[in-house]
Every structure is written in structure tokens, then in C-alpha cells.
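Student: I should like to go through a structure and ask, for each term applied to it, what justifies the term.
Tutor: Please do; each answer will set a value against its definition.

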Amino acid sequence: SQNYLPTYTETLERRLQLQDEKIHNLEMILVMMRQNQTKKNAPDIILNEEISYTQPIPSSSTTFQSIPFYQRIFTTTVTYSALEIMLKIPFTSKEGVGRSRIIMIFDNEIVVSDQTMYQPGVWQLIPITLEGLIQNVQPGKHKIEVRAAVDNGVLYIPWYNPAVIEATLFPQLKGFYLVKGSVQLKYYLFVDTHFRTYSISSTKTNAQNL
């Protein structure tokens with residue numbers, strides 16, 4: 001009849017039905033947000049540099065010595081869950097039989113990569129790659145540094161001779177620096193104890209009621 005009033009059970013069932021519809025809609029929104037974020041959340045290219053050489057870069061210290069040629073300073077504005085660093089040096093060599101070590105340092109204290117080379121009694125050109133991953137990098141100014149040490153002789157990073165094919169043939173042989181930062185976003189779905197308010201956010205502190 002026109003004066004019919006729904007019972008408490010019917011009202012509750014309707015509220016639960018609406019609640020289920022809201023949850024379903026929010027779940028669909030969350031799925032779309034994740035899919036969209038996956039497409040957009042490519043790593044930030046912080047440094048992408050070809051390195052040209054015009055002269056040899058020597059190092060003869062028996063303790064770790066910084067190589068200013070490979071120092072890079074950059075500023076980030078977001079927190080990166082992961083920072084990937086890679087430096088390719090196409091040809092190194094050492095005068096004298098013995099060992100040499102080349103390390104990459106991040107922000108004066110974090111060892112990103114550490115490589116040891118052994119030079120036999122013949123002249124060799126040895127390519128090296130220094131690479132590593134740093135987690136939870138906060139916004140601000142950061143520094144990448146390369147340090148080297150030898151047990152004797154002189155290490156060249158690289159050895160360069162303008163009369164040989166590394167320099168005379170086009171394209172000239174070059175080094176390569178790459179720094180990439182990745183941001184990992186997490187989404188949170190909130191439902192209150194009375195099933196009345198919802199929110200979706202990339203962070204807990206930024207959650208907004210819908």
C-alpha cells in the first residue's frame with residue numbers, strides 16, 4: 001500500500017546492497033588507478049650522459065683517491081624507493097704487474113659498486129662497468145664519486161691515445177653514465193566501522209573521504 005514502510009530488516013538489506021555497490025565501484029576505481037599508475041610510473045631519468053675522452057686519466061695512489069672526472073652532483077625533489085646507477089668505462093689499463101680497485105661511492109659513504117682488476121705482465125685494455133642499486137633515497141642534493149687505488153704502478157681510467165682507432169674512427173669510443181629513480185606508490189582503501197565512508201589514497205596521511 002501507499003503507507004507501507006520498509007521493515008528494519010529490509011532497510012538494513014538495502015543499506016548493505018548499496019554498500020556492496022559502493023565497495024565494488026571503489027574496487028574498480030582502485031584497479032584503474034593501479035593500471036594507470038603502472039603506465040605512468042616509468043623510472044625518472046636523472047642522468048643520461050655520454051662521456052667523451054680527450055686525454056688519459058691516471059691514478060697512482062695506493063689508498064683510495066677520488067677521480068674528479070667521474071664525479072656527478074644532482075638534486076632530487078621526490079623520495080625514490082630505488083635509485084639505479086651505472087657507469088661504463090670502455091677501456092682501462094695499468095702500468096706494471098699488479099692489482100687495482102675501483103669503487104663507486106654515493107653521498108660520501110654508500111659503496112654502490114666495487115671492482116678489482118689484475119694486470120699481468122702485458123699491456124691490456126679492460127672495460128669495466130660500475131653499477132648498483134640504492135634504496136630509499138630522500139629528496140635533496142646527492143653526489144656520485146669514483147675512487148681508485150693500486151698496489152703499484154699507474155692505473156689509467158681510461159688509457160687514451162689520440163692516434164689509435166678508439167679516437168680516429170667514427171664514432172669515437174665513449175663512456176656512459178646513467179642514473180634512474182623509481183617511485184613506488186601504495187594505495188589504501190578505507191571503510192569505517194559503520195560502512196559509511198571510504199577513501200582511496202597513495203599514502204595513508206593523504207587519504208580523503210569519498
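Student: Which strands each supply at least two residues of the lining of the largest cavity?
Tutor: Strand S5 (80-95), strand S6 (98-106) and strand S7 (110-119) each do so. Strands (E, at least two residues) and helices (H or I, at least four) are DSSP runs, numbered from the N terminus. The model is predicted, so local features need pLDDT of at least 70, side-chain atom pairs count only at pLDDT 80 or more, and totals for chains, interfaces and linings use all residues. Residues are numbered from 1 along each chain as its sequence is written, and side-chain values use heavy atoms, with hydrogens and water left out.

Student: What makes a space a cavity, and how many cavities of 30 Å³ or more are counted?
Tutor: On a 1 Å grid over the protein atoms alone, a cavity is a set of points where a 1.4 Å probe fits but cannot get out. The count is 1 cavity of 30 Å³ or more. The largest cavity holds about 40 Å³, a volume being the space filled by probe spheres set on the points, which are joined across faces, edges and corners.

Student: Which residues line the largest cavity, and what is their character?
Tutor: Lining residues have an atom within 4 Å of a point; here they are Thr92, Ser93, Lys94, Gly98, Ser100, Met117, Tyr118, Gln119, Ile126 and Leu155. They divide into 4 nonpolar, 5 polar and 1 charged. Ala, Val, Leu, Ile, Met, Phe, Trp, Tyr, Cys and Pro count as nonpolar, Asp, Glu, Lys and Arg as charged, and the others, Gly among them, as polar.

Student: Why is the contact of Tyr156 and Trp159 called an aromatic pair, and what is its geometry?
Tutor: Rings of Phe, Tyr and Trp (its six-membered ring) pair if their centres lie within 6.5 Å; planes under 30 degrees apart count as stacked, over 60 as edge-to-face and the rest as tilted. The protein has 5 aromatic pairs. In one of them, Tyr156 and Trp159 lie 4.9 Å centre to centre with 80° between the planes, and the pair is therefore edge-to-face. Ring pairs also link Tyr53, Phe69, Tyr70 and Phe91 into a cluster.

Student: Are Tyr156 and Trp159 buried or exposed, and why?
Tutor: Buried means under 20% relative accessible area, exposed over 50%, and partly exposed in between (1.4 Å probe, protein chains only). Tyr156 is at 11%, so it counts as buried, whereas Trp159 is at 24% and therefore counts as partly exposed.

Student: Which peptide bonds are cis, and what are their omega values?
Tutor: The bond joining Ile157 and Pro158 is cis, with omega about 5°; Pro158 lies in the loop between strand S10 (154-156) and helix H2 (165-168). The bond from Phe170 to Pro171 is also cis, with omega near -5°, and Pro171 is in the loop between H2 and strand S11 (175-182).

Student: What makes the phi values of Asn108 and Asn136 notable, and where do these residues lie?
Tutor: Each phi is positive in a residue that is not a glycine: near 70° for Asn108 and about 55° for Asn136. Asn108 lies in the loop between S6 and S7, Asn136 in strand S8 (residues 126-137).

Student: Why is Asn108 called partly exposed, but Asn136 exposed?
Tutor: Asn108 has a relative accessible area of 49%, so it is partly exposed. Asn136 has 52% and is therefore exposed.

Conventions: 1 Å grid on protein atoms, 1.4 Å probe; cavity = no way out; pocket = protein on both sides within 12 Å on 5 of 7 lines; lining within 4 Å.
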